[in-house]
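Colleague: I'm new to this structure and a bit lost. Could you pick one part, take me through it slowly, and then show me what lies around it?

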Amino acid sequence: MYFKIVRELKKKYSKNVILYLEDKVEICSFISEENKLLLGKVIEEKKFRGKMGETLETSFIQYGNLINMILVGVGKEKEATRDSIIKALYKALVGSSGEVIVSSEEEKLKNIDAIAEATYHINYKFDRYKTKEIEREPLIIEYFDPEAGGSIVEGEILGKAINIARDLVNEPANVIYPKTLAMEAATIGSEYGFDVEIFEEYEIGEIGMEALLAVARAAEKRPRLIVMRYFGDKKNPDKITGLVGKGLTYDTGGLSLKPTDSMLEMKSDMGGAATVIGAMSAASKMKLEKNIVGVIAACENSIGGNAYRPGDVIGSMAGKTIEITNTDAEGRLTLADAVTYIIRKEKVSEVIDIATLTGGIVVALGTTVTGVFSNNDSMYSKLEKSGEVYGEKLWRMPLFDDYKELIKSDIADLKNSGGRWGSAPSAAKFIEEFSEGIPWMHIDIAGTAFLSGAKDYFSKGATGNMVRSIYGYLKAK
Ligand code: BES
Ligand code: MN
Ligand code: ZN
């Protein structure tokens, strides 16, 4: 618990944080007359205006207690969004510990969700493998609201859900592999309130997921199919949103082996799976009145004498044959079978897949914008709106039939790689071939799931990107 709503103020906090809009800096009412004078002078001398990210720290004695006050600017009123509140708080408090109180006299800044979520970004660290790390006390944010009820704060649940996804991605591939990913999903499911069913390799074979098994073949760590179910809308049992997450616990590229530098971050190739687990956690904890099924075809793309090869022709659960032209285009193979499974066996009415799928999307959009493809305008616009609410940037990409040409094979129904040009759309087109005409959306997070350097309120490493947008999408329906 890093966040608390309190009805009464304690005498002593390690910091007293006040949020301000730009050029609306007034001294708050609870400050004594003589300190008002002092604070006014400090603000004037330091020219604190409340600009985005601007801070001013000062200390004084009030009624016998030392108050360490920190004024935090969030910028102009129209720029003061959920996202900018998180950014400003993160910038002001990252590295701090102990109990702080946050308040504001501006209605717009009294955003409990943003303040609660910020606490989870500020406290996030992945240092469990550092044997000499000094224990740092966490930062606990209290928010003063005399009329507060006891309801769950959505921002807190989202903060936790994002950090669940980040931990899963940051864990190395010798710790998180298909079996342990499945076990983690089961543990998280029982804590957050969704059911988890795990299929072993022989069962995956019985279902006929040949494309998944081809990718999984060479790895020592054997595959699992993870199915997560949450039914919150019993009145509409046929209305089910399917979430499919790419679950490559490691991607060596297979026989089309990646160079070391490209392989280094490939423990993050289960980022889509982590996003699905995070979004399902938030949706079930918030008891959304929606039906959601999540599917992860978890495996490792490795090398070995029994590895699938460039030139092979493989089958798939849908019955389509696929010529392998690059074993590093493995994600779409596992997703194709997972999409077929979720449509045919779980009977979902729409499907969203989330995947660290292509280097091409990173070339096109960079590392802060997620690429989205969809055969359905209302699905896309719902996700777009959710992205705006939560401050996650996404952009719609095309699915012209031209890209279908790129994945035509001479000897099979499809080939798995369409080559370098337009590689993100041709990969999307490949998955669309398995969507069986139902509303479908594909989210390529290859650029946004894992940061090679800190950015805004995210430290280096996994971001849990799209957990919030997908949660918001599920909630809005
Ligand atoms: N997992 C990678 C995509 C990726 C690249 C994710 C960079 C995160 C950062 C995927 O399996 C892959 O290797 N894609 C290839 C496909 C190509 C061989 C058609 C790519 O995009 O280069
Ligand atoms: Mn690959
Ligand atoms: Zn991959």
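**A close look at the two-metal site**

Modeller: Let's begin at D328, which is partly exposed, with a relative accessible area of 23%. Keep in mind that this is a predicted model. D328 is a good way in, since it is one of the residues that hold the manganese ion (ligand 2). D328 gives that ion two kinds of atom, O and OD. The other protein donors of the manganese ion (ligand 2) are D251, through OD, and E330, through OE. These donors lie 2.0 to 2.2 Å from the metal. If you want to find them in the sequence, look for the spacing D-x76-D-x1-E. What is the geometry of the manganese site: irregular or octahedral? It comes out as irregular, with 6 donor atoms and angles among them of 69 to 167°.

Now slide over to the other metal. The zinc ion (ligand 3) lies 3.1 Å from the manganese ion (ligand 2), and D251 coordinates both. So which protein residues hold the zinc ion (ligand 3)? They are K246 through NZ, D251 through OD, D269 through OD and E330 through OE, at 2.0 to 2.4 Å from the ion. You may notice that E330 turns up here as an OE donor, just as it does in the list for manganese. In sequence, the zinc donors follow the pattern K-x4-D-x17-D-x60-E. The zinc site gets a regular name: its 6 donor atoms subtend angles of 78 to 175°, so the arrangement counts as octahedral.

How covered are these residues? K246 is buried at 2% relative accessible area, and D251 is buried too, also at 2%. E330 has a relative accessibility of 1%, so it counts as buried. D328, at 23%, is partly exposed, because the cut-off for buried is under 20%.

Let's step back and see where this sits in the chain. The protein chain is assigned domain 1 (3-149) and domain 2 (155-476), so the numbering puts K246, D251, D269 and E330, the zinc donors, within the second of these. The centres of the two domains, taken over C-alpha atoms, are 38 Å apart. They do touch, though: 15 residues of domain 1 are in contact with 21 residues of domain 2.

Next, the greasy interior. The largest nonpolar core has 82 residues, and within it L181 and I443 touch the most other members. That core takes at least three residues from each domain. Setting aside residues up to four places away in sequence, L181 touches a list that includes T249, M270, A273 and I296. There is also a second, separate core of 49 residues, with V293, L335, L414 and I431 among its members.

I443 leads us to strand β17, which covers residues 440-444. How many of its residues are buried? The count is 5 of 5. In a regular strand the side chains alternate between the two faces of the sheet. For β17, W440, H442 and D444 are on one side, M441 and I443 are on the other, and all of them are buried. The strand has neighbours as well. Strand β13 (residues 350-355) runs parallel to β17, joined to it by 5 bridges, and D353 has H442 as its bridge partner. Strand β14 (residues 370-374) pairs with β17 in the antiparallel sense over 4 bridges, and there G371 stands opposite D444.

A smaller feature to look for is an open sheet of 3 strands, in the order β11-β12-β16 with mixed pairing. β11 (313-314) and β16 (414-415) are its edges; each has a single partner strand, so one side of each lacks a neighbour in the sheet. β12 (residues 322-323) pairs with β16 in the parallel sense over 2 bridges, with E323 matched to K415.

Further along the chain is helix α15 (residues 467-476), where 8 of the 10 residues are buried. Among those buried residues are R468, Y471 and Y473.

Last stop, over in the loops. Most residues other than glycine have a negative phi. Y63 goes the other way, with a positive phi of about 45°. Y63 is in the loop between β3 (55-62) and β4 (65-73), and at 67% relative accessibility it is exposed.

Key: Residues are numbered from 1 along each chain as its sequence is written. Chains are lettered from A and ligands numbered from 1 in the order in which they are written. This is a predicted model: local features need pLDDT of at least 70, side-chain atom pairs count only at pLDDT 80 or more; totals for chains, interfaces and linings use all residues. Side-chain values use heavy atoms; hydrogens and water are left out. Donors are N, O and S atoms within 2.8 Å of the metal (3.2 Å for Na, K and Ca); water is not among the atoms, so sites may look incomplete. Four donors count as tetrahedral if all angles lie between 85 and 135 degrees; four count as square planar and six as octahedral if opposite donors are over 155 degrees apart and all others between 65 and 115; anything else is irregular. Buried means under 20% relative accessible area, exposed over 50%, partly exposed in between (1.4 Å probe, protein chains only). Two strands pair if DSSP finds at least two bridges between them. A nonpolar core is a set of buried Ala, Val, Leu, Ile, Met, Phe, Trp, Tyr and Cys residues joined through side-chain atoms within 4.5 Å. Domain bounds come from an automatic or database domain assignment. Contact means heavy atoms within 4.5 Å.
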